[in-house]
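Student: I should like to learn how to read burial and metal coordination from a set of coordinates. Could we work through a case together?

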Amino acid sequence: MNIMMLQRWFIKLLTPALISAVITAFVSISIIYEQQQNRKALQYNNMSIKSRQLAEWLDTNFSIINNVLLEVEPITQGCDNTVLFELRSLMFNVAPVVEIGIVDKNGILTCTSWQKHNYSIQVQVPPDTYGLRFSGPVTVEYMKQPAFVLARTLKDGSEVNALVRMSWLHNQLKNYSSELGFTGLIDSDTGEAIVLNGHYSKPRQKQYLPIDDDKIVQAYFDNHREQIAAYSPLATLPGLSIVISDEKRLLIDDQPLLSPTWIAIIIILWAALCAAFNSLFSYFTDTGHQLRNALKREEFINYYQPIISNADKKIVGVEVLMRWQHPIEGFKSPITFIPEAEEKGYLNRMTSQQLKKGYRDLQSTIEQDPSFIVTINISASHLLSSYAIDEFIRYKALIPGLTLEVTEDVLIDDANKTIRAAFTALNQAGIKIAIDDFGTGYCGLSYLSQLPVTYLKADKSFIASAGTDAMNAHVLEMIVSLAKNLGLIIIAEGVETIEQSQSLDELKVELHQGWLYSKALPIDDLYSLLDQHDVIIQ
Ligand code: C2E
Ligand code: CA
Ligand code: CA
């Protein structure tokens with residue numbers, strides 16, 4: 001595999017794959033980012049809902065307890081059996097409450113739903129506040145377990161309270177806890193936990209306190225982890241809030257970045273992009289497409305290589321050679337595109353453009369010297385096209401010295417009737433034929449006498465050996481004498497040295513072409529040379 005093939009392979013396959021990969025990566029990153037954002041929003045939402053639900057559940061229970069306390073209000077005087085019965089029946093209606101008590105304005109617990117106290121139990125003097133309040137936890141002596149106190153101060157300064165089992169509160173929180181996170185009932189002002197499930201921690205920054213509204217926090221907590229926490233204050237006791245929290249890593253980061261469905265979609269997207277870019281690239285790198293565009297943009301330009309008369313070293317004509325000024329690849333030699341242009345059917349149009357430009361370029365020279373030889377290279381495709389033949393005939397009227405160069409392999413086809421007819425038509429129109437690269441191809445010489453050939457262009461391989469003892473030098477001598485016998489004119493191609501030119505002189509080869517005299521030139525340079533009225537032998 002040579003470099004050119006590798007380069008083509010790269011352009012054709014790797015480039016589309018790479019561009020597709022870049023686009024797919026971009027799309028994937030956007031999807032991942034979008035999914036992360038969605039996941040975050042979902043988790044935020046879930047946590048907020050959970051903490052609100054739990055807060056509402058506690059609120060429901062606390063407002064029932066509040067109602068019970070309000071019902072106790074009219075019966076706070078005394079602690080006889082009727083009062084006890086009333087307190088007990090109220091208590092049994094509210095599952096989490098383990099005791100209802102009455103405290104007088106001096107802080108003496110006078111009556112509980114369990115019994116009338118005959119001795120004074122001093123508790124806290126009821127504060128002078130209105131509405132439901134909490135305190136605790138306290139230990140209920142006869143049950144040996146902690147309880148949470150909900151209380152109301154009455155108008156006369158006494159207090160009714162209800163003890164709520166801490167275990168009940170625990171269970172409520174537990175229902176909302178994940179394995180590694182925590183759920184807590186906390187003080188809304190200080191953030192301190194009152195009831196807790198899990199390993200409690202607080203955000204390092206304290207700006208989230210006090211909790212006076214539902215809020216969600218994503219921050220580094222004092223457990224050194226990034227946590228998400230949802231806070232909801234209770235409506236019945238705004239001094240208390242629910243917090244539900246979990247590690248961000250567990251909620252968001254540890255989730256798979258893309259679901260299998262997305263992975264499948266991304267692979268399909270990549271494959272589809274590859275296919276699309278591949279066809280797009282094939283379209284643009286396709287030589288046929290490029291040749292068509294080059295024709296449209298007139299990227300093919302003419303170079304002219306002088307043909308020299310050996311006798312007086314004057315320029316007697318030119319061979320018109322094609323170059324492609326490719327927009328990306330730069331100047332391209334004809335051997336790299338002529339065969340493909342012929343195969344893809346663009347060569348005739350290219351030659352047509354070449355003739356038009358050639359005539360425009362050389363018009364003044366031809367007008368001064370109508371015998372000025374202008375040779376162009378043609379191939380079988382031209383001879384098979386009546387349009388091309390007609391066009392050559394039209395140009396013959398403008399360029400009297402128009403000569404068509406064909407290689408021997410085209411002549412092998414002379415059995416082909418169309419080609420034979422084309423030669424006849426060209427001959428009748430006075431267009432001259434030159435056999436290009438003579439001696440390198442088909443060796444049957446019969447066609448030379450049968451076809452209307454004027455020039456033989458002896459191939460540069462023979463010219464290179466002119467004046468030496470090499471076999472090719474003898475072949476050149478034979479070619480020259482054969483041409484003389486058939487009345488054909490030899491044009492020596494590829495003359496590079498003075499020695500070659502002198503040998504050709506000895507052989508009486510009259511027309512020379514080669515780098516010794518001049519390379520193929522753009523039209524302006526050709527005119528500079530023509531203006532010197534002589535060629536400078538380099
Ligand atoms: P060719 O028809 O045999 O053209 C002669 C080639 O030999 C030209 O190469 C020319 O630059 C080169 N040459 C001239 N003098 C010397 C020399 O002293 N030494 C050496 N080593 N080379 C010399 P170029 O222009 O690259 O053309 C290559 C071939 O491409 C041509 O060979 C011809 O077969 C084809 N070609 C060029 N232009 C056209 C065109 O317009 N139409 C067609 N159909 N074929 C073209
Ligand atoms: Ca030629
Ligand atoms: Ca040639």
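Student: Which residues of α6 are buried?

Tutor: A residue counts as buried when its relative accessible area is under 20%. In this predicted model, the residues of α6 that meet this criterion are Gly288, His289, Gln290, Leu291, Asn293, Ala294 and Leu295. Helix α6 spans residues 287–296, and seven of its ten residues are buried, so by this definition the helix is mostly covered.

Student: What covers the buried residues of α6?

Tutor: One looks for the elements in contact with them. The cover includes the helices α5 (260–285), α7 (338–343) and α8 (347–368), together with the strands β12 (300–309) and β13 (314–326). After α6 comes Glu298, with a positive phi near 55°.

Student: Turning to the metal, which residues coordinate the calcium ion (ligand 3)?

Tutor: For calcium, a donor atom must lie within 3.2 Å of the ion. Here Asp436 and Asp437 each contribute an OD atom, and Glu493 is listed twice through OE, at 2.2 to 2.4 Å. The spacing of these donor residues in sequence is D-D-x55-E.

Student: Where in the chain do Asp437 and Glu493 lie?

Tutor: Asp437 belongs to strand β17 (residues 432–438), while Glu493 sits in the loop between β19 (489–492) and α16 (498–506). The two are 56 residues apart, and the pair links distant parts of the chain.

Student: Are these two residues buried or exposed?

Tutor: Asp437 is partly exposed, because its relative accessible area is 25%. Glu493 is buried, because its relative accessibility is 7%.

Student: Which residue coordinates both calcium ions, ligand 3 and ligand 2?

Tutor: Asp436 coordinates both, and the two ions are 3.9 Å apart.

Definitions and conventions. Residues are numbered from 1 along each chain as its sequence is written. Chains are lettered from A and ligands numbered from 1 in the order in which they are written. This is a predicted model: local features need pLDDT of at least 70, side-chain atom pairs count only at pLDDT 80 or more; totals for chains, interfaces and linings use all residues. Side-chain values use heavy atoms; hydrogens and water are left out. Donors are N, O and S atoms within 2.8 Å of the metal (3.2 Å for Na, K and Ca); water is not among the atoms, so sites may look incomplete. Helices (H or I, at least four residues) and strands (E, at least two) are DSSP runs, numbered from the N terminus. Buried means under 20% relative accessible area, exposed over 50%, partly exposed in between (1.4 Å probe, protein chains only). Contact means heavy atoms within 4.5 Å.
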